[in-house]
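Please open the model in the viewer and keep the sequence panel visible. The tour below proceeds stop by stop, with a selection to make at each one.

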Amino acid sequence: MGRGKIEIKRIENSSNRQVTYSKRRNGIIKKAKEITVLCDAKVSLVIFGSSGKMHEYCSPNTTVVDVLDKYQSQSGQRLWDAKHENLSNEIDRVKKENGDLQIELRHLRGEDITSLPYQDLIRMEAALNNGLTTISERQMELMKMHQKNGRLLEEESRELAYVFQEKQQMAMEGSMRGMDNNGFAIADENEQQMPFGFRVQPMQPNLQEERFM
């Protein structure tokens, strides 16, 4: 018996639907690759599953944008609105300006200047001189700032040294107030008197012996 014809309708079972999607997606991508190789065709294929995940295939040596631009030019249908066209033009303009700046930067480094006309060389020389003047002025500003900071640091160091000397002098004066003229510590009047006395012994015992002789 031959294979029965399958009715084309939405598969209700989610698991079966996902399996069928994967099989048929792989099958259509395989067919797109085959027609690209066999017929030298330009094919662009974009598939979005029910989950929103995208799968795509594009023939070698081309892009999806190239295929869509070609479709737009041949079908007459506008795929891009004015906003996207303006954005594309702006991107092209920025790319061109960037390329011009890269060329000018190479010229300023002294590269590829043999083909430049005399007027362009004069303009480049003036630009370089202006740049050197600006750099020199900036160097002078930084040097003056460095010197100013050095002077401020010296002044702060002198002030700290002066304060330190004052503190040291005050500490010495405070310690001297507690001593008599002979350099001995002055006893506090409020201190409690000792209840016993000491007899001072002469430092030379022979003096005492001579007194009684």
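**Stop 1: the end of helix 1**

Select Asp40, which follows helix 1 and has a positive phi, near 55 degrees. Before continuing, note that this is a predicted model, in which local features need pLDDT of at least 70 and side-chain atom pairs count only at pLDDT 80 or more, while totals for chains, interfaces and linings use all residues. Residues are numbered from 1 along each chain as its sequence is written, and side-chain values use heavy atoms, with hydrogens and water left out.

**Stop 2: the whole chain**

Display the protein chain as a cartoon: five helices and two strands are present, in the order α-β-β-α-α-α-α along the sequence. Helices (H or I, at least four residues) and strands (E, at least two) are DSSP runs, numbered from the N terminus. Of the 213 residues of the protein chain, 7% count as buried; buried means under 20% relative accessible area, exposed over 50%, and partly exposed in between, with a 1.4 Å probe and protein chains only.

**Stop 3: along helix 1**

Select residues 14-39, which make up helix 1. The expected span of a helix is 1.5 Å times one less than its number of residues. For the 26 residues of helix 1 this gives 38 Å, and the end C-alpha atoms are 37 Å apart, which agrees. At the N-terminal end, select Asn13, which caps helix 1 through a side-chain oxygen 3.0 Å from the backbone nitrogen of Ser15.

Which residues of helix 1 are buried? They are Arg25, Ile29, Ala32 and Thr36. Show strand 1 and strand 2 as well, since the buried residues of helix 1 pack against both.

**Stop 4: the hairpin**

Select residues 44-48 for strand 1 and residues 54-58 for strand 2. The two strands pair in the antiparallel sense over five bridges; strands count as paired if DSSP finds at least two bridges between them. Together they form a hairpin with five residues between the strands, and Gly52 in the turn has a positive phi of about 95 degrees. Leu45 stands opposite Tyr57 in strand 2.

In a regular strand the side chains alternate between the two faces of the sheet. Strand 1 displays this alternation: Leu45 and Ile47 point to one face and are buried, whereas Ser44, Val46 and Phe48 point to the other and are not.

**Stop 5: salt bridges in helix 3**

A salt bridge is a side-chain nitrogen of Lys or Arg within 4 Å of a carboxyl oxygen of Asp or Glu. By this rule there are seven salt bridges.

Select Glu90, Arg93 and Glu97, which are linked in a network of salt bridges. Between Arg93 and Glu97 the closest N and O atoms are 2.4 Å apart. Both residues lie in helix 3 (residues 82-108), four residues apart, about one turn of the helix. Arg93 is partly exposed at 38% relative accessible area, and Glu97 is partly exposed at 40%.

**Stop 6: from helix 3 to helix 4**

Select Glu104 and Arg123, whose side chains meet in a salt bridge of 4.0 Å, N to O. This pair links distant parts of the chain, with Glu104 in helix 3 and Arg123 in helix 4 (residues 118-177), 19 residues apart. Glu104 is partly exposed at 37%, as is Arg123 at 48%.

Finally, select Arg138 and Glu141, a salt bridge with its closest N and O atoms 3.2 Å apart. Both lie in helix 4, three residues apart.

Notes:
Contact means heavy atoms within 4.5 Å. A polar contact is a pair of N or O atoms within 3.5 Å; within protein, one must be able to donate a hydrogen and the other to accept it, and residues adjacent in sequence count only if both atoms are side-chain atoms.
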